Amino acid sequence: MAEQTSDQTTPLLRRNLWRSRLSALPFTGSLRLKTSLLSELGGSVGDLGTYIPIVLALTLVSNLDLSTTLIFTAFYNIITGAIFGIPMPVQPMKSIAAVAVSEIPHLTVPQIAAAGICTAGTLLFLGVTGLMSFFYRFIPLPVVRGVQLSQGLAFAFSAIKYIRYNQDFTSTKASATSPRSWLGLDGVILALTCVSFLILVTGSGEVVEDDEDEDEDRNVRRRLRTLSSIPAALIVFLLGLILCFVRDPSIIHDIKFGPSKIHILKITWEDWKTGFLRGAIPQIPLSVLNSVIAVCKLSADLFPEKEVSATRVSVSVGLMNLVGSWFGAMPCCHGAGGLAGQYRFGGRSGASVAFLGLGKLVLGLVFGSSFVRILNQFPIGILGVLLLFAGIELAMASRDMNSKEESFVMLVCAAVSLTGSSAALGFGCGIVLFLLLKLRELDCFDSCFGRSNDETSLNP
C-alpha cells in the first residue's frame, strides 16, 4: 500500500521539481504574464502599424530579404523581451528606410546594412562608455516630451493618410489626388469600423482598477475589465490577414514553403561610404533620441517598477544590428512609438513581444520571402488604425508638463520637429530654448540688469 502511494506521488513530485527548475532559470520572471494571455497577445501586434509598411517598402524597392528579416527580428523580440521584462519593441530604423526607398538612386541591401552597422557601432560606443547614460540624466524632460509629442503626432498624421488616401509605399508619398473609396475590402468604412471597435473595447487606454465603491460602480468596472481583456488589436490584425486572401485568392498559389538561404553580405568600400553618408548620419541622432532616450523616459512612465537604463537599451540596439545586418536583415532599433502601441493594446511584460517573435519566426521559417505577397494585400486602412492608436498613446506621454515654462519648451521642440521633419533639429532648438529660460534665472543675469537699471535711474 505504501509502495502504491509512493508511485502515485512521484509524477506530482517530478512536476513540482520541473516547475522549480524552470522558475529558477534566468529571465523567467521577465516572460511571466502580468495580465491575461489574451491581453499580452493583443499587445504583441500593437507596433505592426509601423513595422509592416516599412518592411514591405524595403522588400519591394530595395529587394530586402523578408525571410531573413523576419527570422532575425523574431530573435530580437524574444531576447529583448527576456532581458528587459517589458514589451520592448523592435522596429525598423525609419530614417535609413526612408532614404533607401525615397531617394534616387535607391540604397542597395549592402548599403542599407552598412548604414545599420555604422549606426549600431555608434550606439554601442555611447552605451559602453557611459555617455548615453550621461545624456539621459542631463537632457531636460520637456525636450524629451517635445520629441515624443512630435513623433506621436507624426504617427497619427501618417495614420490618417493611410486611412483616407491610397498609398504607394514604394515611393513613400501619399496620393492626395486619389482618396480611398468608402466601400470595399480596404475602404474607409472598414477602417472606421475598426476604430470604433477598438474604442469600444479599449476605451482611451486607461487601466481599470478594483475599487470599494457602490455596487453600480463595481458593475461598471467589472464590465470594463471584461472588455479590456479582449485582444482587440489582435482581432483587427487577424481580420486584415483574412482579408488578404479574400482580396486576392491567387496569392495562395504564390506561397512557397521554406526560408530563404541566409548568407553573409559582401560590403564594399563604396557601400560603406554611401551607407554612412546617406543612411547613418541622419539615423544616428534619431536613434539616440527616439530609440534610447525617449524609450527610457516612456518606460519609466509606463513601468515605474521596472528600471530600464539607457546603457542597456543603447547596447541592445548596437548588438542587434552588429549581428543581423551582416546577413541582410533590416536595421532595427527600439522605438517609443512601438512601446506605446504595445502598451496601449495590453502588453505589460516581455512575454508580449516574445509571442510576436515566435509568430515572426514561424512565418519566416514556413513561408519565407513569399510572405511578401500576403503583406502586399494587407488592408492599408487597418494598418493606419493600429498606427493611429500607437501615435496617440505616445503623444499622451507629454501630458505631465504642468508648468507654462515646461509646456512652452515642449511645444516649440515639437513644432520645430514636425515642420522641419527632423527630431534632431527640434531637439537642438529645445535645448537652446531651455538654456535661455534658465539663464534668465541666474544671479549674474539679474545683477547685470539690476546694475543697468540703477545706472539709468541715476542718469536720467
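Here are a few short exercises on this predicted model, each with a worked solution.

**Exercise 1. Get an overview: how many helices and strands does the protein chain have, and what share of its residues is buried?**

Start with the secondary structure: the protein chain has 21 helices and four strands. Next, look at burial: of its 460 residues, 50% count as buried. Then check the contacts. Taking those between residues at least 6 apart in sequence, 83% join residues at least 24 apart. Finish with the outside: the accessible surface is about 22000 Å², and 65% of that belongs to carbon and sulfur atoms.

**Exercise 2. Take helix H11: which of its residues are buried, and what covers them?**

First, find the helix. H11 runs over residues 232-247, which makes 16 residues. From first C-alpha to last it reaches 22 Å, close to the 22 Å expected at 1.5 Å a residue. Now pick out the buried residues: Ala232, Ala233, Leu234, Val236, Phe237, Gly240, Leu243 and Cys244. Last, see what lies over them. The cover includes helices H2 (37-44), H3 (48-62) and H9 (188-202), along with H12 (251-254), H17 (371-375) and H18 (380-395).

**Exercise 3. Which residues are linked with Arg145 in a network of salt bridges?**

Begin with the total: the whole structure holds ten salt bridges. One of them joins Asp301 to Arg145, with the closest N and O atoms 2.5 Å apart. Asp301 sits in helix H13 (residues 269-302) and Arg145 in helix H8 (residues 141-164), so this pair links distant parts of the chain, 156 residues apart.

Now look for a second partner. Arg145 also meets Asp400 in a salt bridge, at 2.9 Å from N to O. Asp400 lies in the loop between H18 and helix H19 (404-420), 255 residues away from Arg145. Put the two pairs together and you have the network: Arg145, Asp301 and Asp400.

Check the surroundings too. Buried means under 20% relative accessible area, so Arg145, at 1%, counts as buried. Asp301, at 38%, is partly exposed, and Asp400, at 30%, is partly exposed as well.

**Exercise 4. Why are Glu270 and Lys273 separated by about one helical turn?**

Locate the pair first: their side chains meet in a salt bridge, 3.7 Å from N to O. Both belong to helix H13, and because they are three residues apart there, about one helical turn separates them. An α-helix has 3.6 residues a turn, so residues three or four places apart point the same way. As for exposure, Glu270 is partly exposed at 43%, and Lys273 is partly exposed at 38%.

Methods. Residues are numbered from 1 along each chain as its sequence is written. This is a predicted model: local features need pLDDT of at least 70, side-chain atom pairs count only at pLDDT 80 or more; totals for chains, interfaces and linings use all residues. Side-chain values use heavy atoms; hydrogens and water are left out. Helices (H or I, at least four residues) and strands (E, at least two) are DSSP runs, numbered from the N terminus. Buried means under 20% relative accessible area, exposed over 50%, partly exposed in between (1.4 Å probe, protein chains only). Contact means heavy atoms within 4.5 Å. Accessible areas come from the Shrake-Rupley method with a 1.4 Å probe; for residues, only the protein chains shown count as cover. The expected span of a helix is 1.5 Å times one less than its number of residues. A salt bridge is a side-chain nitrogen of Lys or Arg within 4 Å of a carboxyl oxygen of Asp or Glu.
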